[in-house]
Amino acid sequence: MITHNDNVNLLPGVGPKRLDALHEIGIFTIEDLLTYFPFRYEDLGERIPSETLDGEKVTFKGVVSSPAIVTRFGKKNQTRFGLLIEHENVRVTFFNQPWVAQNITVGEEVAVYGTYNAAKASMTGMKMINASIDALDPIYPATKKITAKTIRHLIELAWAEVRGNMPTLVPKKIREKYRLLDRNAEIENMHFPSDMLSAKLARRSAAFEEFFIFQMRLQLLKLADQNFSGEEINYDIAAIHKFEMGLPFKLTAAQKKVIAEILKDQKRPIHMNRLLQGDVGSGKTVVAATAMYAAITAGMQAAIMAPTEILAQQHAINLTQLFENADINLRIELLTSGLKASARRQIIEDLESGEIDILVGTHALLQPDVMFHHLGLAVIDEQHRFGVNQRAALRENGVNPDILAMTATPIPRTLSITAYGEMDISVIDQLPNGRKTIQTKRLSHNQLDSAMHFVKQQVDSGAQAYIVTPLIEESEALDVQNATAMYEFIKLTYPEYRIGLLHGRLSNDEKKQLMADFKANDIQILVATTVIEVGVDVPNATVMVILDADRFGLAQLHQLRGRVGRGERQSYTILVADPKTDYGTARLDAMVETTNGFILAQRDLELRGSGDILGTKQSGIPEFVVGDPVKDLTMMEIAQQEAITVVSKEGWDNLPENHDLVDYLSRTMAHYRYFD
Ligand code: ADP
Ligand code: MG
């Protein structure tokens, strides 16, 4: 007998190749397969002609009234037959599906799905329907390696085995409270609904279940945090104040406020898990530096992890500068995956002996052999680029430092419950004084000259410029080719300037050198692909030209624009594009209208709807299969409350009512698809 927890390869027809394809879409067990839900249903609802509007797609069930005749013209052909539905005769035509004729016999009952033409009392057939099947045809996400039809077939096989025996995940009491279906009914109606209403009810239950499980996982992460009681960091407050006084600028009130919140957390014997939100350019780095310094004054180490090599390198440079005049003589090292083995070994050794105070790096920091002597604080920059699992990994490496995650809030506040449910939040809601609002302009391609003229003026006045080349999603090679061509063009046009070219194919050392040169103004115009998207900080750069700007998403444009306007000079962004869609135009308009990250994030959501999975992934919101964290926000909030209630009961994980839930959570930890 097959059960829900068995491997899908127990099903007939699942060999190694198919198994591979299933694994790719997160299906390992029978249960995974059965919760691989359709994303929509094609309504094959059976209707009669008198109740059907012209142009509607419907299913007519009737008796064949005249034989199928196939007519050919050249390579094309059509098949026609008559269908008697109650008292009306409808002429059905299929184009280029001559095999349809084989199943048409006068006097027999058939069902046809197609488009109805009321004036002609005819139907353009799209497919023949098994006359006895359900009225709704579920549509499954398919891949190149596995078709929706195969998935459907496997689901039918699996359901026949385990029907009625699926464990209940959401405890009964909660199901009753919100009138959710029993899990078996839910699964059955997701895959085999008899009508739209039952599909809808099943969807509601499945969405709640999905949110609830997600929130349970966040609660478990929180509990795990509390079990690590965390260390009290006895920092030297006088030294910290002195460090702040020695900064080249005065901290903003908002920066002071969040620093106070963080220091308070660090002092408590409880583990810190805090998210620092602040728009691009709001000055998060110095806040992180202060918190790191606090840990160091207490004799501990600190680490900062960034999503790209360039950003990690830049942090290493910036931190070195910031701490140059500090009382404590700090050793800062950079650990990235590009490092030579011997250099890496040395760093790991010195880290373990405690000689290194601050380790800066990419996800290379997460490798298991990277052990600290005494890590007091781990900072995660641009955290929306990392998943919850990576956040958790930092905690699990034997050590349990305080965590400070930072993000430029590319998502609206209403969604932070989803993305950061397990964290406390601090917000920098103000830009440093003297910042001028970046001016943004839109030009079409034939105005590129005037954009370049403007760049020239800025560079002549001592400032620097970025030129960002189009994003080619499909091909990094094309990306590089584009940037290189642009670079050659600009070098030819402006031989008098120092010009650099930055793209993803360069070695780490080359990138490092380029960024150092740009920072030192040895490069005046930097032509770059989106590798400069996050975090790069060169305050003397005042203009950014973004080519084919309509190819970028709003969040990305906002991040890119955040590379200028980082000093006191007026800065500019020029979006060069001839958008071909309304959506493209709307994004560019939004960029021109506002520089506020919150507003842009909200606008982005409105424009896109939250169904855009790729987009949400970029902003750090996990993907949901059934529920929509934007549209179903209230449901998400309820799921959160219920999850909190469940775990707050003493011994909750041993209560019989939670048995299935606990079993599921532990069983699925390893390949949980929301936390990639
Ligand atoms: P982000 O929040 O985008 O990471 P950064 O930390 O990179 O921003 O800071 C942006 C720029 O603003 C940097 O050049 C930094 O030195 C500068 N900066 C930070 N805080 C202040 C401040 N209080 N006054 C003036 N400039 C500041
Ligand atoms: Mg930053």
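In the predicted model, a polar backbone atom of serine 282 is found 3.5 Å from an oxygen atom of ligand 1. At the adjoining glycine 281, a backbone N or O atom lies 2.6 Å from an oxygen atom of the ligand. A side chain also takes part: a polar side-chain atom of arginine 566 is placed 2.6 Å from an oxygen atom of ligand 1. Considered alone, ligand 1 exposes 560 Å², and the protein buries 85% of that area.

The surroundings of ligand 1 comprise 17 residues. The closest of these are Lys250, Gly281, Thr285, Arg435 and Arg566, so that Gly281 and Arg566 appear both in this group and in the polar contacts described above. Sorted by class, the shell consists of six charged, six polar and five nonpolar residues.

With respect to the overall fold, the shell around ligand 1 takes at least three residues from domain 2 (237-268 + 283-407) and at least three from domain 3 (439-594). The space that ligand 1 takes is the second largest pocket.

Key: Residues are numbered from 1 along each chain as its sequence is written. Chains are lettered from A and ligands numbered from 1 in the order in which they are written. This is a predicted model: local features need pLDDT of at least 70, side-chain atom pairs count only at pLDDT 80 or more; totals for chains, interfaces and linings use all residues. Side-chain values use heavy atoms; hydrogens and water are left out. A residue is near a molecule or strand if one of its heavy atoms lies within 4 Å of it. A polar contact is a pair of N or O atoms within 3.5 Å; within protein, one must be able to donate a hydrogen and the other to accept it, and residues adjacent in sequence count only if both atoms are side-chain atoms. Accessible areas come from the Shrake-Rupley method with a 1.4 Å probe; for residues, only the protein chains shown count as cover. On a 1 Å grid over the protein atoms alone, a cavity is a set of points where a 1.4 Å probe fits but cannot get out, and a pocket is an open set with protein on both sides within 12 Å along at least five of seven lines; lining residues have an atom within 4 Å of a point. A molecule sits in a cavity or pocket if more than half of its atoms lie within 2 Å of its grid points. Ala, Val, Leu, Ile, Met, Phe, Trp, Tyr, Cys and Pro count as nonpolar, Asp, Glu, Lys and Arg as charged, and the others, Gly among them, as polar. Domain bounds come from an automatic or database domain assignment.
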